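The exercises below concern one protein model. Work through each task before reading its solution.

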Amino acid sequence: VEVDRPFRQGESLTVLLNPEEWSDRLEEDRFDNNRVSVVAGLGPDVQLAPGGGLDDYDFSISASDIEIPQMWILQVRVYNHGTRDAAMVPIRVENEAGRKLMDAIPLVQGQGLGVAAFPAGYLWRPGGTLTFTVNPEDAKGSYPERNRDNNVTTFTLP
């Protein structure tokens, strides 16, 4: 079953097969055994590779990875030095006046990168400075991360 983001340790997932309330369901004698719930984590027989872990994410952002493809639009490249892909990685952009934009990078590949573009007219002030924070610790949907020291950068608008 494909999911739109990785599950975090302890997060619950319920799978329902042939739900009784569906109009196109298959007829069967018992529907009570068609549901299973599991909690994300390592199975009893699964061993992690040395140095690996469930929190194997390490995002980074740099001012050199921010571009302006057209007026009012910011394009950002975010890197993940960890080994696991991450979906909908939160990013906060803030100007000097304290105005904020919260968005997400749709996918940042493990040992790779993710790219997203954001309309930033609300924050735009010629010559102003924007602060970018990828995977802010206090953001909804943030990922556990070993190193947050490289998650913040500033960018000066033209």
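**Exercise 1: the sheet**

Four strands of this predicted model make up an open, antiparallel sheet, in the order β7-β6-β9-β10. Task: determine which strands stand at the edges, and describe the pairing of β6 with β7.

Solution.
Step 1. β7 (100-108) and β10 are the edge strands. Each has a single partner strand, so one side of each is left without a neighbour in the sheet.
Step 2. From one strand to the next, the twist averages 25°.
Step 3. Strand β6, residues 86-95, is joined to β7 by 8 bridges, and the two run antiparallel.
Step 4. Within this pairing, Ala86 is placed opposite Val108 of β7.

**Exercise 2: two threonines**

Task: decide whether Thr153 is buried or exposed, do likewise for Thr133, and list the contacts of each beyond four places in sequence.

Solution.
Step 1. Thr153 belongs to strand β10, residues 152-156. Its relative accessibility is 12%; buried means under 20%, so Thr153 is buried.
Step 2. Beyond its neighbours within four places in sequence, Thr153 contacts Ile61, Ser62, Ala63, Ile66, Leu130, Thr131 and Phe132.
Step 3. With Ala63 there is also a specific atom pair: the Thr153 side chain reaches the backbone nitrogen of Ala63 at 3.1 Å.
Step 4. Thr133 is part of strand β9, residues 129-134. Its relative accessible area is 13%, and therefore Thr133 too is buried under the 20% cut-off.
Step 5. With neighbours within four places again left aside, Thr133 is in contact with Pro90, Ile91, Arg92, Asn151 and Val152.

**Exercise 3: aromatic rings**

Task: state how many aromatic pairs the whole structure contains, and classify the pair formed by Tyr57 and Phe59.

Solution.
Step 1. The search of the whole structure gives 5 aromatic pairs.
Step 2. For Tyr57 and Phe59, the rings are 6.1 Å apart, centre to centre, with 10° between the planes. Planes under 30 degrees apart count as stacked, so this pair is stacked.
Step 3. Tyr57 has a relative accessibility of 3% and counts as buried. Phe59, at 0%, counts as buried as well.
Step 4. Ring pairs connect Tyr57 and Phe59 with Tyr143 in a cluster.

**Exercise 4: a charge and a ring**

Task: find which ring the charged end of Arg99 sits over.

Solution.
The ring is that of Tyr122, and the charged end of Arg99 is 5.1 Å from the ring centre.

Conventions. Residues are numbered from 1 along each chain as its sequence is written. This is a predicted model: local features need pLDDT of at least 70, side-chain atom pairs count only at pLDDT 80 or more; totals for chains, interfaces and linings use all residues. Side-chain values use heavy atoms; hydrogens and water are left out. Buried means under 20% relative accessible area, exposed over 50%, partly exposed in between (1.4 Å probe, protein chains only). A polar contact is a pair of N or O atoms within 3.5 Å; within protein, one must be able to donate a hydrogen and the other to accept it, and residues adjacent in sequence count only if both atoms are side-chain atoms. Contact means heavy atoms within 4.5 Å. Two strands pair if DSSP finds at least two bridges between them. Axes are lines fitted to C-alpha atoms, for helices over the stretch in contact, and angles run from 0 to 180 degrees between N-to-C directions. Rings of Phe, Tyr and Trp (its six-membered ring) pair if their centres lie within 6.5 Å; planes under 30 degrees apart count as stacked, over 60 as edge-to-face and the rest as tilted. A charge sits over a ring if NZ of Lys or CZ of Arg is within 6 Å of the ring centre and within 35 degrees of the ring normal.
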